[in-house]
Amino acid sequence: GRAEMGIVDSDADDISAQFFTDIDVTFTMSGETDGGLAFGASVDLDEGGDGSAASDDNSDDGGATIFISGGFGTVTMGDTDGALDWALSDAGNNNNGGSINDDETEHAGYNGSYLDGDGGNDGQILRYNYTAGAFGFAISYEQGDTDFEDFDFGDERTESDESDGFAIGVRYGLDIAAGTVNFGLGYQEVDVDGDDNDLDGIGLSIAATFDNGLAAGITYLDGEFDGDDEGDDHIGVGIGYTTGAITLHANYGQYDYGDDSEAEGFGLSAAYDLGGGAVVHAGYGDSDFDDDDADFSTFSLGLGLSF
Amino acid sequence: GRAEMGIVDSDADDISAQFFTDIDVTFTMSGETDGGLAFGASVDLDEGGDGSAASDDNSDDGGATIFISGGFGTVTMGDTDGALDWALSDAGNNNNGGSINDDETEHAGYNGSYLDGDGGNDGQILRYNYTAGAFGFAISYEQGDTDFEDFDFGDERTESDESDGFAIGVRYGLDIAAGTVNFGLGYQEVDVDGDDNDLDGIGLSIAATFDNGLAAGITYLDGEFDGDDEGDDHIGVGIGYTTGAITLHANYGQYDYGDDSEAEGFGLSAAYDLGGGAVVHAGYGDSDFDDDDADFSTFSLGLGLSF
Amino acid sequence: GRAEMGIVDSDADDISAQFFTDIDVTFTMSGETDGGLAFGASVDLDEGGDGSAASDDNSDDGGATIFISGGFGTVTMGDTDGALDWALSDAGNNNNGGSINDDETEHAGYNGSYLDGDGGNDGQILRYNYTAGAFGFAISYEQGDTDFEDFDFGDERTESDESDGFAIGVRYGLDIAAGTVNFGLGYQEVDVDGDDNDLDGIGLSIAATFDNGLAAGITYLDGEFDGDDEGDDHIGVGIGYTTGAITLHANYGQYDYGDDSEAEGFGLSAAYDLGGGAVVHAGYGDSDFDDDDADFSTFSLGLGLSF
């Protein structure tokens, strides 16, 4: 479980700093078949409850995740990353100590989910991934409100195929003298109401972690809309450093939308580890838009407790 | 806990097969008094949560069950079977490996709850049962929106008694050379808005389990409406067989409604046990109505994981 | 966890006794930092769940409580008592065995929360308390929909400060020959839409527990509205006695509202402990208003099970 308490503030409204309390209880279950396959599932208290999607709507995962794995690889269904998101390292994943309000990964220039959930999809994803040494491979399918049977990999789709998402991704970890460099590459497409509204994107990330506590990375997404280059592009960079109980992180990102508008932002976090699962967190996020009046920043300070 | 993942399909709509994820965490609590009475309670994660009937509406059980038992028998309150349902073996209880979407026990010809919850009742039941050797006995009361104080067993009720349910049931298990034959007999009545709308039913079931893995049974309900024979009748039969890791089950049922309309259906399930709590499930349900255009079938295939 | 089953009745409506089932699962988490600070959090199953305030609304505690404590004292945030409520012993706290429906502490003359949550506040409280031997001290702040930054202890507030609550309290336990006498004193103010609508109150309680199983106490609150004496006053007395497995409790309370209207009530409870966490509970509450037609009473009888 996890609990967080502190204060949060945003200059996007007239409301000043507010108390912040959050609590989460995660139920993790696991087992193994006689044949040696591992399986498991997890759901959070805040994802369950009467009427919730996780437990009462079987066609929506609602945050629950279920997997089975063996020598053949791992099959995961539910609230999990698509293969593109699985392959890439986000800018905020470079040695980020986190914050209670996630300010540093929710600014206007941050991209954390790539095309998962785009096109009105509900994020209920089926993913297969396989790892051999430093090399990893995944394919995934995210189901929209559509015919599963008509899904036909590689072929032209009919208009009755609404909002299916398909992705493929590869990862490679290169050991160097001072640490490891992780390369990720993936492709995801989302078919929305027939071919004329397709979204797709190619993403690439390079992230290095060094033995001295430093981590840095860059991620790039080249998005397309209806097959031409007017899609949304994104670039993000992040850096983090841990020394003793202190972890500092910064990231910057920029969206270049298909209509020539832009948004950018940066995030900062600082964490001080008290040990035993208690960490003091500070987070800051700054969002900039073409319209300066829309700019805003958010801040949080508090205690994160892991149990 | 339990998790299920797979695909489900129904030909009742234009939507084709859909991903299916379900997760359930059950909290079971038990204790014993100094005098040796056992007591306990259980509730599922998907039945709790803020605003749920289980935890926030004390006049509705919302899925929670609470019991206390001792030499005097067992008293259960909450989401439990009425005495008729308690006494009988459903057609789908004959060695059924189950399915992730319960297709085989939710077709139009299936009867699983008898008169529990009928007449607008909420299923909050108080049941006393007592077992002596092979013989079992139960009485139950299901409370509607009415006066508990006015409840007067056997007497004529006033119109202010809305939707009370009362039931009585007996069970007997007969050991035979090749296995056991279980007999169940019960009676349940539901008073709806005074005597003119009473529902009642007499039910009987015979279910045999054999040492060779076979199980088969029949269940019959003779329903009455307002004291005459125009009530809903139902007959159901089921058979199941287990050999090694495989369990196969089939059932068939037919409703003969008081207005001379009928509905029937059959269900099939196949389960392959991978061990350790992981089972591959396939289920099929077929529903037939007097109006053929209303007929439909459902199918599911997936993995059930018990923890 | 805890489960309760029984029957409840109120003569405030035409509905007679109803079945009562309630179930609660509490998740309690705790840890310790390397420096020896203890921390923890708790939330109930009925407070969590998808969409609940506890887990999904970080600006409302929704029933969750989080604390960290050390030699400096204890800091608690969430669903906890304000410093006034923390300091005082309620009338119903004098050796009360409790009831399944809380009849004895919910009558019209009962005061259990003092000014916590008044003025439209949400009960999300930050409290610091420190205990040295028999002496205890606490200060608390309850945040309304307002500016935290503008909070200025002791100074005049601006109208933009809506519904902040501030409290201070002290406790002292005096050992006497036959037991202990606990003294509590506190002050709480709630600023509602600027100074003209301030609520505040000074509360005092004296509660004695004796080694022979008897406990008795009195609590008094002198409330003010907008700085003069037209606020709501309250007085409450309670007494309880435990002998063997039996606990009996009675309390009485009276409100004297600022508009010269009054309300009073009394509560009774009886509990018989079966051991192992199972207790038989009976409760009664009687509420009297200036308008006799509004008078009502409630009753409950049932089994409380603690796990």
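Student: What makes a stretch of chain A count as a helix or a strand, and how many of each are there in chain A?

Tutor: Both are DSSP runs, numbered from the N terminus, a helix being a run of H or I with at least four residues and a strand a run of E with at least two; by this rule chain A has 2 helices and 17 strands. This is a predicted model, in which local features need pLDDT of at least 70 and side-chain atom pairs count only at pLDDT 80 or more, while totals for chains, interfaces and linings use all residues. Residues are numbered from 1 along each chain as its sequence is written, chains are lettered from A and ligands numbered from 1 in the order in which they are written, and side-chain values use heavy atoms, with hydrogens and water left out.

Student: What share of chain A counts as buried, and what does chain A expose?

Tutor: Of its 307 residues, 48% count as buried, a word for a relative accessible area under 20%, with exposed meaning over 50% and partly exposed in between (1.4 Å probe, protein chains only). Chain A exposes about 12,900 Å², of which carbon and sulfur atoms supply 51%; such areas come from the Shrake-Rupley method with a 1.4 Å probe, and for residues only the protein chains shown count as cover.

Student: Why is the pair Arg2(A) and Glu4(A) called a salt bridge?

Tutor: The term asks for a side-chain nitrogen of Lys or Arg within 4 Å of a carboxyl oxygen of Asp or Glu, and the N to O distance here is 3.0 Å, so the pair qualifies. Arg2(A), at 27% relative accessible area, is partly exposed, whereas Glu4(A), at 9%, is buried.

Student: How many salt bridges does a search of the whole structure find, and which residues form them in chains B and C?

Tutor: The search finds 3 over all chains. Arg2(B) and Glu4(B) meet at 3.0 Å, N to O, and the closest N and O atoms of Glu4(C) and Arg2(C) are also 3.0 Å apart. Arg2(C) is partly exposed at 28%, while Glu4(C) is buried at 9%.

Student: What is the situation of Asp103(C), and how do you know that it has no salt bridge?

Tutor: Asp103(C) lies in the loop between α2 (83-87) and β7 (125-132) of chain C. Lys and Arg count as positive and Asp and Glu as negative, with His and the chain ends not counted; the nearest side chain of opposite charge to the buried Asp103(C) is Arg2(C), 11 Å away. The side chain of Asp103(C) does make a polar contact of 2.5 Å with that of Ser300(C), the term being a pair of N or O atoms within 3.5 Å where, within protein, one must be able to donate a hydrogen and the other to accept it, and residues adjacent in sequence count only if both atoms are side-chain atoms.

Student: Why is strand β4 of chain B described as largely enclosed?

Tutor: Strand β4(B), residues 38-44, has 5 of its 7 residues buried, so the rest of the structure largely encloses it.

Student: What makes β3(B) and β4(B) a pair?

Tutor: Pairing needs at least two bridges found by DSSP, and β3(B), residues 26-32, has 7 with β4(B), in the antiparallel sense. Phe27(B), for example, has Val43(B) as its bridge partner. Strand β4(B) also runs antiparallel to β5(B), residues 65-70, over 5 bridges, with Ser42(B) partnered by Thr65(B).
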